[in-house]
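Okay, thanks for coming, everyone. I've got one structure to walk you through today, so let me put it up on the screen.

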Amino acid sequence: MALDTFANLKTSIANYLNRDDLTSYIPDFIALAEARHGRDLRLRIMENVGTSTATGGTNYLSLPTNFLEFRYVALNTTPKIVLRYMSPFELTRNYGGVTSGEPIYQTVIGEKLYFGPTPDSSYSIEWAYYSKPTALSDSNTSNAILTNHPDLYLYASLLESAPFLMQDERLGVWAELYREAVKVANASDEVGRHSSGPLQMTAKSVA
């Protein structure tokens, strides 16, 4: 059976477990697997590029939907100016007063991206970031991870099933299979990311 849809994934999990009485629980195993993916994976298929507008006098923007981690944040100018990371403590200490101007630094606190200094006018912001793919469901039957790496879904779901089913003897098996799938996926993705040419380093701009 092809592991290409939410329904087929649930069937495969039931087959691997040799159980037909877990219909209401298997979606929970899959949801817990997706939580693992968010912690363990940083793949190109999880990357997004978008824009937003920083408003003058407001020193933050809400993070993108399903945000995991930034690749970069930049002023969307010509050329683009990458905002440097500053820890929350340092940004607050240096720019927590009334200082305003063109943003130079950025940091993430909670569900918001903060700027230092506070924008003195409106700025277009471009950001590249990792996001969690839309969770599988009856209405969202597939996503990029299931399409490209179905083993990540299968083994993570089986791993999550073991404590629930009190199958301690299977926990190590599923954990090792999942770890190897993560390792292969991340390694393959890294090779694909850099296979087109030598790495070039720039200080403040992106092409």
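I'll start with the overall build, then go to the cores, then helix 1, and finish on one threonine.

First thing to keep in mind: this is a predicted model. In terms of secondary structure, the protein has six helices and ten strands. Now, how spread out is the protein relative to a compact globule? The globule rule gives 17 Å for 207 residues, and the radius of gyration here is 21 Å, well over that, so the protein is more spread out than a compact globule. If you'd rather think in boxes, the C-alpha atoms fill roughly 65 × 40 × 30 Å along the principal axes.

On burial, 38% of the 207 residues count as buried. The exposed surface comes to about 11,600 Å², with carbon and sulfur atoms supplying 51% of it. And if you take contacts between residues at least 6 apart in sequence, 66% of them join residues at least 24 apart.

Okay, cores. The largest nonpolar core has 33 residues, and the ones with the most contacts inside it are L9, I13, I30 and L152. Helices 1, 2, 4, 5 and 6 each put in at least two residues, and helix 5 gives the most, with nine. There's also a second, separate core of 14 residues, with L63, L75, L113 and Y123 among them.

Let's zoom in on helix 1, residues 6-17. Quick sanity check on geometry: at 1.5 Å a residue, its twelve residues should span 16 Å, and the end C-alpha atoms are 17 Å apart, which agrees. Which residues of this helix are buried? That would be F6, L9, S12, I13, A14 and L17. What they pack against is helix 2 (26-40), helix 4 (144-148) and helix 5 (150-165). Take L9 as an example: leaving out residues up to four places away in sequence, L9 touches L3, I30, L136, L146, Y153 and L154. Right after the helix comes N18, with a positive phi near 55°.

Last stop, T147, which sits in helix 4. Buried or exposed? The cut-off for exposed is over 50% relative accessible area, and T147 is at 55%, so T147 counts as exposed. Its side chain makes a polar contact of 3.2 Å with the side chain of S142. For a longer ruler, T147 and E69 are 78 residues apart along the chain, and their C-alpha atoms are separated by 22 Å.

That's my tour, happy to take questions.

Methods. Residues numbered from 1 in each chain as written. Predicted model: local features only at pLDDT ≥ 70, side-chain atom pairs only at ≥ 80, totals over all residues. Heavy atoms only, no water. Helix = DSSP H or I, 4+ residues; strand = E, 2+ residues; numbered from the N terminus. Expected span 1.5 Å × (residues − 1). Buried < 20%, exposed > 50% of the residue type's maximum accessible area, 1.4 Å probe, protein only. Contact = heavy atoms within 4.5 Å. Polar contact = N/O pair within 3.5 Å; in protein donor to acceptor, adjacent residues only side chain to side chain. Rg over C-alpha atoms; globule rule 2.2 N^0.38 Å. Areas by Shrake-Rupley, 256 points an atom, 1.4 Å probe, with all protein chains shown as cover. Core = buried A, V, L, I, M, F, W, Y, C linked by side-chain atoms within 4.5 Å.
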